[in-house]
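This briefing introduces the strands of a protein model and the helices that pack on them. Please keep the sequence and the 3D view at hand while reading, and look up each element as it is named.

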Amino acid sequence: MLFGLDFPDPQSKVRLLGWTRWVLGVPQALLALTVAILGTLQTTIGMPARSSLPWLANLTTVGLTLSCSCIAVLFINISYKMAKERAPDAKRRLKWLYWGMTASLGPIFLFILYSWIFQKNIDSVPKPLVIGMILLLFIFPATLAYVIVVQRALDVRVALRQGLQYALAQRAMGIVTALAALAIIGITYQAVTREGTRSAGQLRAIAFSVIAVVVLQRIKAKASIWVDRLFFREQVETESARRARRRGSPHAGCGGVEGARLPPHLRGAPRAPRGDPRRCRRRRLRAHPAHLGWPQPVGHPGSGTQTEREPFSRADRNLLQTVAAQAGLALENARLTQVVAEEAAHRERLHHELEIAREVQERLLPQRPPIVQGLEYAGRCRPAQSIGGDAYDFFLTREGHLMATVADICGKGVPAALLMAGLQASLRGLCAGGVSNVGELMNRLNGLMWESTPRNRFATLWCGQYDRAAGLLRHVSAGHGDPVVVRASGLLERPACRGLALGLTRAAHYASGEVRLEAGDLIAVCTDGVTEARNPAGEEFGEERWAVAVAEAAGLSPERIVSHVLHAVDTFAAGAEQHDDLTIILLKVPA
């Protein structure tokens, strides 16, 4: 019953039937003492058995009633506290305790009710059932130990400190006090009963013994406080502070931490009169150094005054350190989350800018290529990243000839795309300015690339100018691969007209060549991303496969031929990562 009233916090007001500790607890204790005395008398002096004493039977009935009532109060209080508890951990502990009590005390409680109602004796119950009920009683202490140790209902250190050592210390002190009191009484008795002792001497001996006993009790009280302080230092210090506050401690009204150091500008300040608000402010500054603007690292506990203004115990400091560590981790996680969010926003901005750059680069490719009578052509560019360094173009010169170009800048990504945009603009500008010879056009482009690009950057370019009236394709190459010509008869040709890549040297010279295209003939040019495409085994697609892929689809339209070649490259790569941009252009004279 007392356990149900006081567990887990004796100071808590969450309980029912608190008056039963006196109404039921005191009679139960007296009854247990009476039964123990009667049992001792029965075994020592042969007192009649309980069955022969009617009033003793009534006493047993009263004992059963009190026992059932105490067990009922225990269950009622644990159930009530479990219903009122809001903290999940505390509620879980009370549930464990409730079901352990039910399994342990429930059977014996029901048996007491049964024997009381039907007037049955324990001897009439089968012994295995009695043994089972006795064994079930061990479930309750086991459950209590589980709740204390595993579920941490109480501090295990406190439970241990209130154990054997404390009991031995208190008992030893009580024994020493009793022996000293007996010795004083014995000495006093001898002094009083000694022959020839006068009445005044007897009175002095008795007074001495009374004083000695009082002093002994005082010493015992002091020793008891010392033992309590030794075993329960934190609790005793807290209780001492509470008593000092009740006696009117001068520091009880402002709160703070005694012994805290004031900042230098307040140490020499004159003491304000009692009741002045400045005194309270100075003590608050002792307890709250953060109010002074002193920097505190993340996770440092800034402890303020408690509600009851008690000094902080070691458990309080440990709790503050734990909470400060967790708060520091939370703040650090919040800071890292903010950093990650900022980086994600930055990446999103970069991605958005790259999307814009990709759209701009796509707009630089031919959107509405000019129509040329007697010639079909197509081109395709597939960058390895969002933007790339490959490009192709189709446009008409001032003479009405079709200019077809394909270029590859050294590198990939944004730098290559910017250089490609400059090269494309320079090429169109020179053609618009009246440069019609493809060799001269390449010479001027090389000079511009040499002046406007760093030395570690260069470009390869193939340029073809188709004269429809003459049926000729004048072409020039600056470091680019040779084109593939597929005749209507199926014959493959690789006309070579080679020169240095643009931007490598200022003194480069480029000569042009000519290819006559008849009905059914076609010419195709690609960048090195096509011929150097690799499969998972590391093998390259190569020049031979490139030419065969073009020849296989020679009878199709230029758009379908380009799609066929790209499909052949993808089939060969078999899912391997694309490391370079793929660009193909193709010109075909219809049959």
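The points below take the sheets in turn and then look at a single strand in detail.

The model is predicted, and the description here concerns its strands and their neighbours. One open sheet has five strands in the order 2-3-4-5-8, and another open sheet of five strands has the order 1-10-9-6-7.

**The sheet with the order 2-3-4-5-8**

- The five strands of this open sheet, taken in the order 2-3-4-5-8, are paired in the antiparallel sense.
- Strand 2 (390-396) and strand 8 (513-516) stand at the edges and have a single partner strand each, so one side of each strand is left without a neighbour in the sheet.
- On average, and with direction ignored, neighbouring strands of this sheet are turned by 20° against each other.
- Strand 3 (residues 402-409) and strand 4 (residues 459-467) run antiparallel and are joined by eight bridges, and within this pair Asp408 stands opposite Thr460 of strand 4.
- Helix 16 (residues 438-452) packs on the sheet, where it touches strand 3, strand 4 and strand 5 (472-478), and the direction of the helix makes about 155° with that of strand 4.

**The sheet with the order 1-10-9-6-7**

- This open sheet of five strands, with the order 1-10-9-6-7, also has antiparallel pairing.
- Its edges are formed by strand 1 (376-382) and strand 7 (492-493), each of which has a single partner strand, so one side of each is left without a neighbour in the sheet.
- Strand 9 (residues 522-526) and strand 10 (residues 582-588) run antiparallel and are joined by five bridges; Ala524 stands opposite Leu586 in strand 10, while Ile523 has Leu587 of strand 10 as its bridge partner.
- Helix 18 (residues 542-552) packs on the sheet and touches strand 6 (484-486), strand 7, strand 9 and strand 10, with a direction that makes about 140° with that of strand 9.
- Strand 6 and strand 9 pair in the antiparallel sense over three bridges, and the bridge partner of Val486 in strand 9 is Leu522.

**A closer look at strand 9**

- How many of the five residues of strand 9 are buried? Five of the five are buried, so the strand is largely enclosed by the rest of the structure.
- In a regular strand, the side chains alternate between the two faces of the sheet.
- In strand 9 both faces are covered, since Leu522, Ala524 and Cys526 on one side and Ile523 and Val525 on the other are all buried.

Conventions: Residues numbered from 1 in each chain as written. Predicted model: local features only at pLDDT ≥ 70, side-chain atom pairs only at ≥ 80, totals over all residues. Heavy atoms only, no water. Pairing = 2+ DSSP bridges. Helix = DSSP H or I, 4+ residues; strand = E, 2+ residues; numbered from the N terminus. Axes fitted to C-alpha atoms, helices over the stretch in contact; angles between N-to-C directions. Contact = heavy atoms within 4.5 Å. Buried < 20%, exposed > 50% of the residue type's maximum accessible area, 1.4 Å probe, protein only.
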